[in-house]
Amino acid sequence: MSYESTLEYIQNVKWVGSKLGLSRTRELLASLGNPEKELKFVHIGGTNGKGSTASCIASILRKAGYKTGLYTSPYLYRFNERMQINGEQISDEELEELTDKIRPFADAMTDVPTEFELITALAMEYFSKNKADIVVLEVGLGGALDSTNVIDTPEAAVITPIGLDHTEYLGDTTAKIAETKAGIIKQGGHVAVYSGEKDVMDVISKRCREVGAEMRVVDNDQVLLHSIDLDACRFDYKGYKNIALPLVGTYQPYNAALAITACEILRDGGWKITDENIIDGLNSVKWPGRFEVLRKNPAFVLDGAHNPHGIRATAKSLKEHFKDQKLTFVVGVMADKDVEGMMNTIAPMAKEFITVTPDNPRAMDADKLAEIIRGLGVPATACGTIKDGVDLAISRAGEDGAVVALGSLYFSGDIRNAVLGK
């Protein structure tokens with residue numbers, strides 16, 4: 001198949017939907033000879049910060065000299081971003097070849113896989129075929145029944161901050177969601193955990209006791225922030241000094257501390273990772289679309305926050321960087337999110353909102369989103385295209401102003417293209 005035909009097959013309507021469970025992924029992987037059994041993993045679950053933490057860990061492992069796979073979702077520009085080795089995306093040709101290989105097995109299944117399950121199987125085959133030393137594997141949805149959870153006990157499991165999201169699938173309290181996320185913790189494993197609310201920590205601790213896993217909790221009090229600007233967060237964590245993290249959200253040093261904790265677990269397990277590897281890896285990490293500064297005069301920040309928990313973290317960063325300055329927001333959201341809760345959090349910081357419709361069937365229409373925001377007492381203008389929205393926001397903000405685009409990772413690629421003129 002051509003690249004276009006390959007993507008059309010992967011994204012075909014017959015795979016659409018979310019069906020929790022591991023049976024379909026296991027069947028598909030068994031047809032391929034269980035490539036996942038040949039691999040070592042760092043498995044990452046949580047509500048927010050999964051991608052940033054995964055990118056930090058992968059960058060550290062590359063600096064340590066390991067051939068490092070990275071599996072994340074969604075993508076910003078091209079589908080190929082979802083599976084990478086040493087920072088290089090899967091090539092079009094290899095994606096076509098592996099899809100041709102998996103297609104007859106997927107087509108023959110009575111209980112057909114979802115798109116994410118199909119992609120997960122593709123990724124496992126890709127990493128195995130290319131003999132990755134270790135794969136940093138981001139959970140798609142939940143944990144226990146997410147298709148990535150077909151793997152055996154990983155070298156390290158990592159639990160990032162947990163909040164309310166996907167409540168229709170995962171539960172309506174943080175404790176219920178934590179129970180699902182903790183499903184990636186397996187027998188005799190080692191777990192790095194972001195320090196969270198007591199009910200969340202109680203659930204994770206209980207799971208660790210049940211399966212005999214060792215839990216290490218990040219000591220957030222040891223994150224010493226020296227300075228932060230639109231170029232880097234400069235901080236120390238325990239014995240790791242003068243880290244200059246290019247991810248500039250105020251929450252990112254804490255994600256980096258979680259990545260450090262995971263790498264310490266790996267090191268204790270025999271992986272050769274030096275303190276210098278850790279610092280160099282964090283200093284050179286790249287993770288687009290997460291409090292990413294795309295331009296200045298006016299400043300234009302792109303952030304992937306897409307639920308109330310993530311929006312609160314972004315709001316804290318915005319207050320740190322822009323103090324009491326009123327901001328122009330470009331927002332686009334999925335209709336199944338807590339839209340009013342998200343917008344309520346940032347409305348006090350807004351001069352005005354420009355609403356757009358992300359290119360996704362689940363997206364809320366820009367006009368409806370503008371109506372909701374105006375109901376909160378803030379001016380909102382709906383735009384027909386993302387480029388029109390970006391252009392309008394930049395002109396309205398003026399040279400001394402600031403624009404912030406957030407609400408969905410699904411429009412991040414289009415936002416970046418519009419701002420950078422691609």
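Start with the lining of the second largest pocket in this predicted model, and colour its residues by chemical class: they divide into ten nonpolar, eight polar and six charged. The pocket holds about 430 Å³ of space, and to find its centre you can select Q84, G87, K286, W287 and P288, which are the closest to that point among the 24 lining residues. Next, show the secondary structure around the pocket, where helix α3 (50–63) and the strands β2 (68–71) and β3 (83–85) are the elements that give two or more residues to the lining. The largest share, three residues, comes from α3.

Now leave the pocket and select I57, L245, I273 and L282, the residues that touch the most other members of the largest nonpolar core, a set of 42 residues. With these four displayed, add helix α9, residues 252–268, which gives the most to this core, with nine residues. In soluble globular proteins, nonpolar side chains tend to be buried together.

Centre the view on L245 and display what surrounds this residue, leaving aside its neighbours within four places in sequence: the contacts are C56, D231, A232, C233, F235, Q252, P253, A256, L282, N283 and V285. A second core, separate from the one just visited, has 35 residues, and you can locate it by selecting Y9, L22, L28 and A123, which are among its members.

Return to helix α9 and pick E264, which has its place there. Is E264 buried or exposed? Its relative accessibility is 13%, so E264 counts as buried, the cut-off being under 20%. Setting aside neighbours within four places in sequence, the residues in contact with E264 are R216, K238 and Y240, and showing these three side chains together with E264 gives a view of its surroundings.

Finally, select the cysteines. How many disulfides does a search of the whole structure find? The search finds zero. Take C208 to begin with: the closest cysteine sulfur to its own belongs to C263 and lies 18 Å away, which is too far for a bond, because a disulfide needs a pair of sulfur atoms within 2.5 Å. C263 is in no disulfide either, since the nearest cysteine sulfur, that of C56, is 9.1 Å away. As for accessibility, C208 counts as buried at 4% relative accessibility, and C263 is likewise buried, with a relative accessible area of 0%.

Definitions and conventions:
Residues are numbered from 1 along each chain as its sequence is written. This is a predicted model: local features need pLDDT of at least 70, side-chain atom pairs count only at pLDDT 80 or more; totals for chains, interfaces and linings use all residues. Side-chain values use heavy atoms; hydrogens and water are left out. A nonpolar core is a set of buried Ala, Val, Leu, Ile, Met, Phe, Trp, Tyr and Cys residues joined through side-chain atoms within 4.5 Å. Buried means under 20% relative accessible area, exposed over 50%, partly exposed in between (1.4 Å probe, protein chains only). Contact means heavy atoms within 4.5 Å. On a 1 Å grid over the protein atoms alone, a cavity is a set of points where a 1.4 Å probe fits but cannot get out, and a pocket is an open set with protein on both sides within 12 Å along at least five of seven lines; lining residues have an atom within 4 Å of a point. Grid points are joined across faces, edges and corners, and a volume is the space filled by probe spheres set on the points. Ala, Val, Leu, Ile, Met, Phe, Trp, Tyr, Cys and Pro count as nonpolar, Asp, Glu, Lys and Arg as charged, and the others, Gly among them, as polar.
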